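Please read the following briefing alongside the sequence and the coordinates. It takes up the ligand surroundings, then a central strand, and then a separate sheet.

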Amino acid sequence: MLIFAAAIYNNTFMDLFEKLQKNLGPLGTHGSESHGYYMFPKLEGPIGPHMMFRGKEKLVWSLNNYLGLANHPEVRKADADAAAEWGMAYPMGARMMSGESNNHEALENELADFVKKQACILLNFGYQGMVSAIDALVDRHDVIVYDAESHACIVDGVRLHQGKRFVYRHNDMESLEKQLERATKLTNETGGAILVITEGVFGMSGAMGNIKEVVALKQKYQFRLFVDDAHGFGTMGATGAGTGEQQGCMDGIDVYFSTFAKSMASIGAFIAGDKFIVDYLRYNMRSQIFAKSLPMPLVVGARKRLELLRTQPELKANLWKITNALQGGLRDNGFNIGITTTPVTPVMLNGTIPEATHLTLDLRENFDIFCSIVVYPVVPKDVIMLRLIPTAVHTIEDVDRTIEAYSQIKGKLAAGEYKKDRIASFA
Ligand SMILES: Cc1ncc(COP(=O)(O)O)c(C=O)c1O
């Protein structure tokens, strides 16, 4: 009571919203001046390499529509037909309670067959599903060992973990071994087990995870491997079955995850693995037990997308034709595109955040090119990363135009032109 009175007297109570207003968060802080342009831009018109931004056509390199399925006529028809037939509500309820359907089961079987696993479970969203799967797989006696550059959904899943977590340096097998030694020692004491988590393709750098080398460490250490292949599914491997297929080590991936948000150009995700572990997740993953089943149009639409992904290899061939032209052209013109071996194409330039802002504005307004810009703290200070995502529906003309534009902005950046407040604002 006394403390309460003192708090009122000293006026130390703070309203939650008042407090939040004082600290809007790292992105929110820039919200007012960037909203609608650098953040929350509206790309309008049919999804593809050419879309409208603020009333003008732009060449777009920022969508993970790798295979160009987003606006494929067969996909659009399947989505529309399914929406007309089922509506967006069916089936209602969580799958466990009342939301099961033959189409959900069929899609799971088709995905499992495609990635050569015994079984598969659908997830409503990749991010939320990943967090929930990590939560379901480990308890406080277990240790998670994960790559330092893991996607936010892995990091947030690991945050929920009540036991120890050890991070290893990005793709560094020596560092992984060190952490596995620590984890082994600890689990010998706790009676727990080890889960290693990494990605098939890292979405910022375009580097592939060293999955084959991680799998090889199973000879020496006892652990299970969980791979997030969001960017690898559909883009990597002879059939598009992902990074495990590409590296010839799919069998060593115990829990294989991908999302429908990229190559499949939709919403939803899945986990594939041995029947036992998929059934375990079916009965233990809170994000699926306590949430409504995926609506039928998304499930039927995903079946059509998977059918096209499997039966139209020219989609992946086109993606790689554009990828190779873009990456080859950039390298030939002296650009640093880092260590990518996948379609993700980061272009690294040196400059400050204000320069990045002016350069982006120039690129968008004067060259009509729209790509994602990544700055500190995602990349080191004074690095500007222009991230390009080639797709099967881009053309060689798009590539040539982009390389020409990039050469010009690189020259302007080096000449200090973006230092001036010449290009002041988009408003
Ligand atoms: C590596 C990775 N994992 C998971 C996700 C999340 O997937 P979703 O968009 O389906 O939530 C993303 C982004 O979409 C991603 O890039």
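How many residues surround the ligand, and which are the closest? In this predicted model, 13 residues surround the ligand, and the closest are Gly126, Tyr127, Ala230, Thr259 and Ala261.

**Ligand shell**
- Helix 6, which spans residues 126-137, supplies three residues to the shell around the ligand, the largest share.
- By residue class, the shell around the ligand holds seven nonpolar, four polar and two charged residues.

**Strand 5 and its partners**
- Five of the five residues of strand 5 (residues 143-147) are buried, so this strand is largely enclosed by the rest of the structure.
- In a regular strand, side chains alternate between the two faces of the sheet; in strand 5, Val143, Val145 and Asp147 point one way while Ile144 and Tyr146 point the other way, and all are buried.
- Strand 5 pairs in the parallel sense with strand 7 (residues 194-199) over four bridges, and Val143 has Ile194 as its bridge partner there.
- Strand 5 also pairs in the parallel sense with strand 6 (residues 165-168), again over four bridges, with Val145 standing opposite Phe166.
- Together with helix 7 (residues 152-160), strand 5 and strand 6 make a right-handed β-α-β unit.

**The four-stranded open sheet**
- Four strands in the order 1-2-3-12 form an open sheet with mixed pairing.
- Strand 1 (43-44) and strand 12 (369-370) stand at the edges with a single partner strand each, so one side of each is left without a neighbour in the sheet.
- Strand 3 (residues 56-60) runs parallel to strand 12 and is joined to it by two bridges, Phe370 of strand 12 being the bridge partner of Val60.

Technical notes:
Residues numbered from 1 in each chain as written. Predicted model: local features only at pLDDT ≥ 70, side-chain atom pairs only at ≥ 80, totals over all residues. Pairing = 2+ DSSP bridges. Near = placed C-beta within 6 Å. Nonpolar A, V, L, I, M, F, W, Y, C, P; charged D, E, K, R; others polar. Buried ≥ 20, exposed ≤ 12 C-beta atoms within 10 Å, placed from the backbone. Right-handed = clockwise from strand over helix to strand, strands pointing away.
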